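Me: Please walk me through this complex, one question at a time. Keep the answers brief.

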Amino acid sequence: MSDMITIAFYLFAGLSIISGIFMIFTKNILYAAFALMFCFLSLAGIYVLLGADFVAITQLLVYVGGVLVLLIFGVMLTVRVEGKSLQTGSHLKWGGALIGILWIGILVQLILQVDWTAVMTDQPIEASVNSIGKLLLSKYVIVFELAGLLLLIGLVGAAYIAGAKIRTK
Amino acid sequence: MEIQSNILDPIFSLSQDLNYFRPELVLLICLFVCFFADLLIKKNKGLWLSSLAISGVLAYLWFSYTQFIGLEEEVYFMSDLMRLERSIVFVKLIFGVTTLGAIILAIKTKWIQIPLSHTGEYYFMLIALLLGSVLLPMANNWLVFFLLMEFLSITGYIITSFNRDKSSYEGAIKYLLFGAAASAIMLYGISLIYGMTGSMSIGDLANGMELDSGLLSLGLLFVLLGIFFKIALFPMHVWLPSAYQGAPSSGIVLLSVAPKVAALLFLWHLTSIIELGKIGFDLLPMFQWQQMIGILAIITMLGANAAALWQTNVKRLLAWSSVGHGGFMLAGVLTLSAFGQSTLLFYASVYALMNMGAFLLVLLIKKRTQNEEDINAFRGLASLHPFLGVLVTLLMLSFIGLPPTGGFMAKFLLFSAIWDTYQQSGEPIYIWVFAAGLFSSVISLFYYMKIPYLMYFKPLNSKDPKLVSLKSLDYLMMFLIVVALMVLFFKANWLMNILNSLNFAL
Amino acid sequence: MIHGEVSEFGIILLFLIGGIFFVAFGLLTARLIRPKRPNIEKLTTYESGEDPLGTAWSQFNTRFYIIALVFILFEVELVFLFPWATVYADQELMELTGGKWGMIALVEMVAFVIILALGLVYLWVKGFLNWERPMPTGKQYYSPIPKIAYSKFIKRRK
């Protein structure tokens, strides 16, 4: 059983890395959006394997179902989309690559330094939707209500900005 | 299962905990009243909206004041998610007064293309920004902290793009892209900290110290970058000049004070935990936390003041000056003493006042130059309006930090706090911060004095239109601000006595 | 990493694999069996029998964006409703708190939903949801036959 899980983990991790790399290197912005979708999907798989079922469902619902749709709408809304398919270029390739490699080096070095046995816990994983619900309504209630307010503010602001064109018509 | 501490206790103490949120609840009510007024009222909308917003903020100020009187020591509530101490309540008062100033300036903006006072969304965003910055210093949990940082960022983006013209969209998109990157970095840092300490509580950071891990330091560094973005300090300051140029002046009055000071107070809390816990910061062996902040403060002060020398747009100039003042306040965080915190809050109050005056000035010259805040609009103004000339000169003296103004006292007190800390610890970084602060004050003399210089010594350009009828209200507001600054010089101990009595938990 | 508790998700994984298999199987057999003789006419995009004009890319109306925003807002709200729905009538907590838990859970969720519903109210009142259709620009046709003749005709048919 645990072998299966390990295999599934590497499958999802590999898929997310490959689709991430494809997203960065493709010139067509719509392909990049779809690559991002595969990246999100495989991340949802990893969340499932980690026992975070609620996060996995959120990832599917909000990111794959919502944010990505908004992103593709954003692409479709641009005036430049008519005619040729939308292309993106990259600048400062070598500098970016250098910083990226340096960064991976630092991270790997730091991750290897950590004494993971001291950090890990043996607590069993319980069904997370239930305990998230309980905590959200009791201890973290202020976070819960603030998140609602933040969403409202975001909506009002986005509608105000996006509505500039609509209103003046 | 920790059902008792996590679920039952929070439920039973909820009504008691809400008592600590009285000013914020008033603000929340005010927020929704403005929201509905915007939707329902058709006649006399501007008058209704502004009076509702002003009365809401006044009620908030009253409740903050009673909280200030009533509170004695640091309290933790909402099952340790939030904390409150008197310095935070004092800052609430500063923010409230600044918001009042911003609303009054928004009412005065009527003659410019978009009547801000008629857009309910504007009041909604201003009050939401106030609410976020009031709550941020109270955060004692990474989740609350991150949510409030997003709160401030999103309201900030929207306020910046409020003019809905080209320059405001340019500023807002720069702000947004930088902010998104900063949020992502900060969130990554928070996840690293959570992974290392296993707790979302900021106070539990000290538990990570025996781990002595580089990843924890990296997480802290990332969180620091996120905070620096909010305060607009080197190296996360790049968005600021464009954002200020595009944003409505009344919005910047609040935007440049409230999130900045709130983030600084949070940084103070974080730094004190790190220093108390003696958390090893061993990402780069040569740097300690204090030293790193000190070096960044030095770079910010010198760089920002040097960059301001070349600005010809008043708003951009003020933006760079705001970065510089952020650097000074960051130097105040370094002291970590009770006296240091009093001086920091003194500086913040003076800065809020000066900023209000400066942006009132921007609005006044805007009349003259058709919405371009070119510094040449000040040419020869003193011969037209001699009294305004005197007031502006005093205001600029305060910005530089020269007597007889509150700006001098603020810098004087801050420098003496840094000097005290140097005497106590003997760390060389403090003397460098001290020297950089003095030197950058000297640099700032050149660009702040440009404005009085243009007003007095350059001839009036005959092509320039006159300042259309300066109303007596403009004079009155400017006069009140300058008088308040003078009072803070001659009677600085009034404010200092209050600040010293704040009874810090250090 | 999770141990042993994956079985519920294992079913989902099986479904996924099954779905992928069926789609792949269907497409593959169709490819093997079908004749393949393309010509230009066959390869054009099918557009209800009309000849397609221009590219498939066209600019969307900005209104779609606001609709998508509202969609995301309520989707996030929905996500928060899931954990709430599993615990708001929790037997153990109800007993421990003497029924207070259910009341608090209800009030908190109602507050959350109302805050978000206000966003919809805002969009509605401000007219962001109004979809102004373009007016038809064709010529008005005046029939020489008076309208009353039509109604008489219809009556007679009944």
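Reply: Two residues are in contact if their C-beta atoms, placed from the backbone, lie within 7 Å. This is a predicted model: local features need pLDDT of at least 70, side-chain atom pairs count only at pLDDT 80 or more, and totals for chains, interfaces and linings use all residues. Residues are numbered from 1 along each chain as its sequence is written, while chains are lettered from A and ligands numbered from 1 in the order in which they are written.

Me: Which element gives the largest share of the side of chain B that touches chain A?
Reply: This contact takes 29 residues from chain B and 24 residues from chain A. Helices (H or I, at least four residues) and strands (E, at least two) are DSSP runs, numbered from the N terminus. Two or more residues each come from α1 (3–12), α6 (120–135), α7 (142–160), α8 (166–197) and α9 (214–231) of chain B. The largest share, 8 residues, is that of α7(B).

Me: How many residues on the side of chain C that touches chain A are charged?
Reply: Chain C gives 41 residues to the contact, and chain A gives 46 residues. Ala, Val, Leu, Ile, Met, Phe, Trp, Tyr, Cys and Pro count as nonpolar, Asp, Glu, Lys and Arg as charged, and the others, Gly among them, as polar. On chain C's side, 30 are nonpolar and 7 polar, and the charged residues number 4.

Me: Which helix gives the largest share of the largest nonpolar core?
Reply: A nonpolar core is a set of buried Ala, Val, Leu, Ile, Met, Phe, Trp, Tyr and Cys residues joined through C-beta atoms within 7 Å. Buried means that 20 or more other C-beta atoms lie within 10 Å of a residue's own. The largest core has 211 residues, and those with the most contacts inside it include Ile127(B), Tyr347(B) and Phe359(B). Its largest share, 18 residues, comes from residues 338–369 of chain B, helix α15.

Me: How far apart do the C-alpha centres of domain 1 and domain 2 of chain A lie?
Reply: Domain bounds come from an automatic or database domain assignment. Chain A is divided into domain 1 (1–81) and domain 2 (127–169). Their C-alpha centres are separated by 23 Å.

Me: In chain C, where is confidence highest?
Reply: pLDDT is the predictor's confidence in each residue, from 0 to 100. Chain C has a mean pLDDT of 82, with 87% of its residues at 70 or more. Confidence is lowest in helix α2 (residues 40–43) of chain C, at a mean of 82, and highest, at 91, in α5(C).

Technical notes. A residue is buried if 20 or more other C-beta atoms lie within 10 Å of its own, exposed if 12 or fewer, and partly exposed in between; C-beta atoms are placed from the backbone.
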